[in-house]
Amino acid sequence: MSPIANPNLQNDSDYERIARAIAFVRENHLSQPDLATVARQVHLSQHHFQKVFTRWVGISPKKFLQYLTIEYAKSKLAETQNLFDLAIDAGLSGSGRLHELFVTIEAMSPGEFKAAGKDLQIRYGIHPTPFGQAAIATTDRGICKLSFLGDRAPTEAEQLLQREWSQAEIVYDRQSTQAIADSIFDLGQLGQQKPLTLLVKGTNFQLQVWRALLKIPFGSLATYQTIANAIDRPTATRAIGNAVGHNPIAYLIPCHRVIRASGALSGYRWGVDRKAALLGWEAAQLSKIEETA
């Protein structure tokens, strides 16, 4: 049964305001608008704007917006290259860093891929997150989809799943995905969640790329060239970009951490402003972790 649009799920007004603020700052970065100007653009007083940001991410808007600059992005690219290389060489994923989610990928076999989900039951739910509503889908073998809805109606989530898994049984079961939503986005539980298994279907090349993305440390950034080098395909940056763009599981496979070498965010399947929000949110969480370490 498909979900009925529920007003109680529209609990992401903070994110919507922050996304509009991020869009305005990105569009007007050359003029470096002050906080009062940004606040007016989202129809809030500067005091209320500060309150919304603090409630959403735990830091001031001024500090948060610093994480969205190209200068900051370039500094993170330089700073975290060695961390990424170490993670690749040592085979580390989230389990090697206390502030990470521990995520593993299970790939469907070629036969299962062709079967398009035959004999598979997929349970999904729609959940409010710090980055807007998201559809989360799971099977007995692992999470198979996490997608931010954006402007899509909740009822479209099942249609999207059916297109990707045409032979599967699709069941709306929000209770079965609630614990997943809670563990992924619980700001106080980073690094303490149970391991998460992802069930994905893709080409061998896509799987290589997606597994490499898991090695990018939380709060860090990598370039398409860095990913290409990591999988020994240094001339395949265009193909890398295509594989990144087809990532089926937002946030858990952190394609949002891949940017251009120039520091520009480039595209994102679920919107560049959401990508900026994700990166700023992670930078803020990492900053708070380091301050208390």
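For the classification used below, Ala, Val, Leu, Ile, Met, Phe, Trp, Tyr, Cys and Pro count as nonpolar, Asp, Glu, Lys and Arg as charged, and the others, Gly among them, as polar. The structure under discussion is a predicted model.

## Overall composition

The chain contains 12 helices and eight strands. Of its 293 residues, 51% count as buried. Among contacts with a separation of 6 or more, 69% are accounted for by residues 24 or more positions apart.

## Pocket and cavities

Rolling a probe the size of a water molecule over the atoms shows where empty space is left. The largest pocket found in this structure has a volume of about 630 Å³. Its lining comprises 20 residues, of which V25, H29, L65, L68 and T69 are the closest to the centre of the pocket. Divided by class, the lining of the largest pocket has 10 nonpolar, six polar and four charged residues. Three helices, α1 (13–27), α4 (61–66) and α5 (70–90), each supply at least two residues of this lining.

Cavities of 30 Å³ or more number three in the structure. The second largest cavity holds about 110 Å³ of space. Its lining is formed by 13 residues, and the closest to its centre are Y67, Y72, A73, L221 and L279. Helices α5 and α12 (272–292) each supply at least two residues of the lining of the second largest cavity. The largest share, four residues, comes from α12. In this lining there are nine nonpolar and four polar residues, and no charged residues. Helix α5 thus has a place in the lining of the largest pocket and also in that of the second largest cavity.

## Packing of α9 against α11

Two packed helices are described by the angle between their axes and the distance between the axes. Helix α9 (residues 204–213) and helix α11 (residues 237–245) pack at an angle of about 75 degrees, and their axes are 9 Å apart. Because angles of 65 to 115 degrees count as roughly perpendicular, α9 and α11 are roughly perpendicular to each other. On the α9 side, the contact is made by F205, Q206, V209, W210 and L213. On the α11 side, the contact is made by A239, I240, A243 and V244. By class, this contact has eight nonpolar residues, one polar residue and no charged residues.

## Individual buried residues

Several residues in loops and one in a helix merit separate description. Residues under 20% relative accessible area count as buried, and the table lists five that meet this criterion.

| Residue | Location | Relative accessible area |
|---|---|---|
| A116 | loop between α6 (110–115) and β2 (121–129) | 14% |
| P130 | loop between β2 and β3 (132–139) | 17% |
| Y251 | loop between α11 and β8 (258–259) | 3% |
| G263 | loop between β8 and α12 | 4% |
| R274 | helix α12 | 9% |

Two of these residues have a positive phi without being glycine. For A116, phi is near 55 degrees, a positive value in a residue other than glycine. For Y251, which is not a glycine, phi is positive at about 70 degrees. Y251 lies in the loop that follows α11 and leads to β8, and α11 is the helix that packs with α9.

The other three residues are described by their contacts, leaving aside neighbours up to four places away in sequence. P130 touches Y15, W56 and F185. The C-alpha atoms of P130 and Y15 are 6.2 Å apart in space, although these residues are 115 residues apart in sequence.

G263 touches I70, A73 and K74. A73 is also one of the residues closest to the centre of the second largest cavity. Between the C-alpha atoms of G263 and A222 the separation is 9.8 Å, and these two residues are 41 residues apart along the chain.

R274, in helix α12, is in contact with Y15, F131, F148, G150 and Y268. Y15 is therefore a contact shared by R274 and P130, both of which are buried. R274 and I22 are 252 residues apart in sequence, while their C-alpha atoms are 8.7 Å apart in space.

Technical notes: Residues are numbered from 1 along each chain as its sequence is written. This is a predicted model: local features need pLDDT of at least 70, side-chain atom pairs count only at pLDDT 80 or more; totals for chains, interfaces and linings use all residues. Side-chain values use heavy atoms; hydrogens and water are left out. On a 1 Å grid over the protein atoms alone, a cavity is a set of points where a 1.4 Å probe fits but cannot get out, and a pocket is an open set with protein on both sides within 12 Å along at least five of seven lines; lining residues have an atom within 4 Å of a point. Grid points are joined across faces, edges and corners, and a volume is the space filled by probe spheres set on the points. Axes are lines fitted to C-alpha atoms, for helices over the stretch in contact, and angles run from 0 to 180 degrees between N-to-C directions. Angles under 35 degrees count as roughly parallel, over 145 as roughly antiparallel, 65 to 115 as roughly perpendicular and the rest as oblique. Contact means heavy atoms within 4.5 Å. Buried means under 20% relative accessible area, exposed over 50%, partly exposed in between (1.4 Å probe, protein chains only).
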